[in-house]
Amino acid sequence: MSELKENEKVDIIIIGGGPAGLSAAQYAARAGLSTYMIEEMAPGGQTLIIDDLENYPGFDEPISGFDLSDRFHRQAENFGANIILSSVDAVIRNDDGSFTVKTPSQDYTVPVVIMATGAKRKLIGAPGEKEYQGKGVSYCATCDGPFFRNKKILVVGGGDSACDESLFLSKLTENVVIIHRRDRFRAQKSIADNVEHNDHIETRFMHTLNEIKGDGKKVTHVSLHNVETGEDYDEPFDAVFIFIGANPSTALVPFAGLDDDGYIITDDHMRSTIPGLFAAGDVRNGMFKQIITAASDGAIAAHAAAQYIDELRGQAYV
Ligand code: NAP
């Protein structure tokens, strides 16, 4: 971990240390820019909680999220990126177009900020949800679905994510039940129709989740509530996938343009609507949110940021 050296001129501050932030840090440092990445918890972000990651290209045996994050981290530092463990209190937009990033210990004034702060999947708040996270409760079908091949899976939610992910799960098992609290899906009609006509998916509208139950090691049952009849009943399930929306972490940049769902609007170069402010990974308006797409976003953001800094300096980008 690093500290700002006296009189050091910093080019880029990256806020958030998941795959997007670490990839941006590596690419920016490798481009010769003075790069600081600030992460509040530990480098890796949400990747750290993945037990076995089997779809990251280049690893033909599953790798733990912890080990992959460690490799991202070491690779970024090997190229000269500075990793700071700290919260960020504020990002101030200065009149000259620069940004001042305020942390409890020091301030950094830089021409470029890359937001890689991610998004937090909304929790439903049912008893048992936190206890069984990683033991049958999941928020990512692509990541965890293959662990429940041919098992009985409950999906909670009625938007595009719940429907899309149910369709993904229906390829792994014939036993998917999706519950939604209303009498119709919020999801786009074409996606909702595919769910309702899928033989492997049973749709139960007007249902809510009371509780997730298990034997301490894994999910075994859920308690459901039928809103129409008022009935509560227990039913065996091996896994519960919850997709009730996400909250992108954008509070630090209230001046950035956001889409209707609260994600930072970027173009293909990861440029936000504010010059010098870039965004990468789950915090931006991308359509497929994966570790590989976050890493790709980070690389693109760093590359575009390097071009932006060179333009500011009036030099050709090499
Ligand atoms: P979303 O569109 O906000 O849908 C959330 C769903 O969860 C809604 O059906 C909502 O019910 C339900 N819900 C919310 N809080 C709940 C609670 N406490 N208990 C039970 N149910 C609850 O979120 P999303 O599906 O994650 O999608 C987020 C954005 O990404 C959307 O803009 C979506 O279009 C986009 N997306 C697009 C695609 C695609 O195009 N293929 C795929 C995934 C996501 P109500 O309907 O009653 O409000």
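By class, how many nonpolar, polar and charged residues does the lining of the second largest pocket have? There are 8 nonpolar, 4 polar and 1 charged, where Ala, Val, Leu, Ile, Met, Phe, Trp, Tyr, Cys and Pro count as nonpolar, Asp, Glu, Lys and Arg as charged, and the others, Gly among them, as polar.

Before going on, a word on the model: it is predicted, so local features need pLDDT of at least 70 and side-chain atom pairs pLDDT 80 or more, while totals for chains, interfaces and linings use all residues. Numbering starts from 1 along each chain as its sequence is written, and side-chain values use heavy atoms, with hydrogens and water left out.

Back to that pocket (on a 1 Å grid over the protein atoms alone, an open set of points where a 1.4 Å probe fits, with protein on both sides within 12 Å along at least five of seven lines; lining residues have an atom within 4 Å of a point). Of its 13 lining residues, Gln-26, Tyr-56, Phe-72, Gln-75 and Ala-295 lie nearest the centre. Helix 1 (19–30), helix 2 (65–78) and helix 6 (291–313) each supply at least two lining residues; helices here are DSSP runs of H or I, at least four residues, numbered from the N terminus.

Now the ligand. Its shell holds 17 residues, counted if a heavy atom lies within 4 Å of the ligand. Asp-160, Ser-161, Arg-182, Arg-186 and Asp-261 are the closest. Helix 4 (residues 160–169) gives the most, with 3 residues. By class, the shell has 4 nonpolar, 6 polar and 7 charged residues.

Here are some polar contacts, meaning pairs of N or O atoms within 3.5 Å:

| Ligand atom | Protein partner | Distance |
|---|---|---|
| oxygen | Gly-158, polar backbone atom | 3.2 Å |
| oxygen | Ser-161, side-chain N or O | 2.7 Å |
| nitrogen | Asp-164, side-chain N or O | 2.8 Å |

Note on methods: A polar contact is a pair of N or O atoms within 3.5 Å; within protein, one must be able to donate a hydrogen and the other to accept it, and residues adjacent in sequence count only if both atoms are side-chain atoms.
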